[in-house]
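Student: I am new to this structure and would be grateful for a close look at a single part of it. Please take one helix and then show what lies around it.

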Amino acid sequence: MGQTTDLYKGLPENVKAFFDRQYEDSYRLLDASRHPRTGLYADAYMTLGDNPDQRCSIAATGVGLIGLCSADLEGWDPDAQEKAVVTLEALTGKIDGCRPAREENTGFFAHFVDMDTGANLNSEMSTIDTSLVVAGAMFAGEHFKATAPEISEMANQLLSEIDWSQVVADKDKGIINMVIKDGKGALPLTAYNEYVLTAWLAKVGNPENKEVQELWENTFSIDKITELPQIQYRNIQVLTDGEAEHFLSSFVHQFPFYLVPEYAESDVYRTFYENACMADRYKWKELNDVPSYVWGYGAGPNDGLHGGYHADKINQSPGNVASAYIVAGFLPVYPAGIHDLYALYRLQIPYDTYVNRGDVKDENKFRAAYRYGLHRYSWWHLEQPERWYPTKVTLIDWSSMLYGLTAFKRGMSFFTDRLKRSSRNA
């Protein structure tokens, strides 16, 4: 099954038992969100409802494909390879009655589609969601290449079918189009953001296009990282999108770290990544009566608490909701975070042992809400008689849990090696 890191080997037995359970559950939640016929993945796992949901997220499907690679490596799912084949067949239109909606002229996918038919569910043609699913396909293609080369072939088909030139809004300033409308890029977004992945895939997928290559070289290449917009938190230098006093949700830093191999291997980006982790942790320490193990500014749903979906960040976090998966995502640069997660589990969210004999309804809701372990929670509401029970877990945000735990046990080479090889073979 491959080598394990010294960090994993050195865990105390009680923490290791927690780690192993949470790690496998990071895959089980994805699998519970997969459509059995089409292999497409739901936008969210519904903690208090039926699964899978009928709304597929193309980005979540990319996460699902990487999850299948982890499951195959760990021996959790003997059908992982077959499931990856089915998912790629759906994405490439090879399953009867299922054709995920794509922009006719450029090949970009719709953000949300029907799980069964692939019909567009009134959503935009998204460059970042397309990037996330293509990255997942390439990852799976490399992982299963020796035993199922058709996965790699279909992944390369997806990569080559997309007109990546349409993501370029301004090659000199690193501005990337967020959507494709009527065959053209639209809604430009300034760097720095998670669209680093889009720029990287455009570079890999369209090597002949000068503007695509210059988009990467002028703004996103590793020797340009120090020139990206920055902001300080307590003299900690972190990357941002250039807006004054505007911090980013921590997932923005995490996606390029795991999915762009040049960034994962860059000492400069790693320093910025450590800084983002430190700033997140320190900001939580400013709040009154919050234990040190409570932190993590991530994105996710707040249904029934503080409105709907929100990307929490420093100085913009209604209700101060914490996301445990952000802690997991920072484990490669803050391995002590596994003890924070363990403390949260033992002291606040004992999801597999919680008992409330005086209120069986509360017990059932609590266990259902955290069936697959730690995710989004409100510290203050955990302490109140009327708790907040998260009604769903969005898969794209949950990805940080899977990625971080995989890297903690197997090392970052699990990500960088597969993505580098797949990009060279594209």
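Which residues of α11 are buried?

Tutor: The model under discussion is predicted, and every value below is computed from it. In α11, the buried residues are Tyr269, Phe272, Tyr273, Asn275, Ala276, Cys277, Ala279, Asp280, Arg281, Lys283 and Trp284. These buried residues pack against two short groups of elements: the strands β8 (230-233), β9 and β12 (321-323), and the helices α9, α10 (261-264) and α12 (324-329).

The helix itself has 19 residues, and the distance from its first C-alpha to its last is 27 Å, close to the 27 Å expected at 1.5 Å a residue. At the N-terminal end of α11, Ser266 acts as a cap: one of its side-chain oxygens lies 3.2 Å from the backbone nitrogen of Val268.

The helix also borders an enclosed space. Three cavities of 30 Å³ or more are found when the whole structure is searched, and the largest cavity has a volume of about 80 Å³. Its lining consists of Val238, Leu239, Phe247, Leu248, Ser250, His253, Ala276, Ala279, Asp280, Tyr297 and Ile314. Of this lining, α11 gives the largest share, three residues. At least two residues each are supplied by β9 (236-239), α9 (250-259) and α11 (267-285). By type, the lining of the largest cavity holds eight nonpolar residues, two polar and one charged. Ala276, Ala279 and Asp280 are named both among the buried residues of α11 and in the lining of this cavity.

The second largest cavity, with a volume of about 50 Å³, leads to another helix. Met138, Gly141, Glu142, Lys145, Ser152, Ala155, Asn156, Ser422, Asn425 and Ala426 line it, and α5 and α6 (149-161) each provide at least two of these residues. Here the lining divides into three nonpolar, five polar and two charged residues.

One of the residues in that lining, Glu142, belongs to helix α5 (residues 127-143). Its relative accessibility is 12%, so Glu142 counts as buried, the cut-off being under 20%. Leaving aside residues up to four places away in sequence, Glu142 touches Arg418, Arg421, Ser422 and Asn425. Ser422 and Asn425 also appear in the lining of the second largest cavity.

The burial of Glu142 fits the state of its helix, since α5 is mostly covered, with 17 of its 17 residues buried. The 17 residues of α5 should span 24 Å at 1.5 Å a residue, and its end C-alpha atoms are 24 Å apart, so the two values agree. Ser126 caps the N-terminal end of α5, with a side-chain oxygen 3.5 Å from the backbone nitrogen of Ile128.

Ile128 leads on to an open space, the largest pocket, where His111, Ile128, Glu194, Phe251 and Tyr309 lie nearest the centre among the 37 lining residues. Two or more lining residues come from each of several elements, including α5, α9, β6 (175-181) and α16 (395-410). The pocket has a volume of about 710 Å³, and its lining comprises 18 nonpolar, nine polar and ten charged residues. Helix α9 thus joins this account at three places: it packs against the buried residues of α11, contributes to the lining of the largest cavity and contributes to the lining of the largest pocket.

Notes: Residues are numbered from 1 along each chain as its sequence is written. This is a predicted model: local features need pLDDT of at least 70, side-chain atom pairs count only at pLDDT 80 or more; totals for chains, interfaces and linings use all residues. Side-chain values use heavy atoms; hydrogens and water are left out. Helices (H or I, at least four residues) and strands (E, at least two) are DSSP runs, numbered from the N terminus. Buried means under 20% relative accessible area, exposed over 50%, partly exposed in between (1.4 Å probe, protein chains only). Contact means heavy atoms within 4.5 Å. On a 1 Å grid over the protein atoms alone, a cavity is a set of points where a 1.4 Å probe fits but cannot get out, and a pocket is an open set with protein on both sides within 12 Å along at least five of seven lines; lining residues have an atom within 4 Å of a point. Grid points are joined across faces, edges and corners, and a volume is the space filled by probe spheres set on the points. Ala, Val, Leu, Ile, Met, Phe, Trp, Tyr, Cys and Pro count as nonpolar, Asp, Glu, Lys and Arg as charged, and the others, Gly among them, as polar. The expected span of a helix is 1.5 Å times one less than its number of residues. A polar contact is a pair of N or O atoms within 3.5 Å; within protein, one must be able to donate a hydrogen and the other to accept it, and residues adjacent in sequence count only if both atoms are side-chain atoms.
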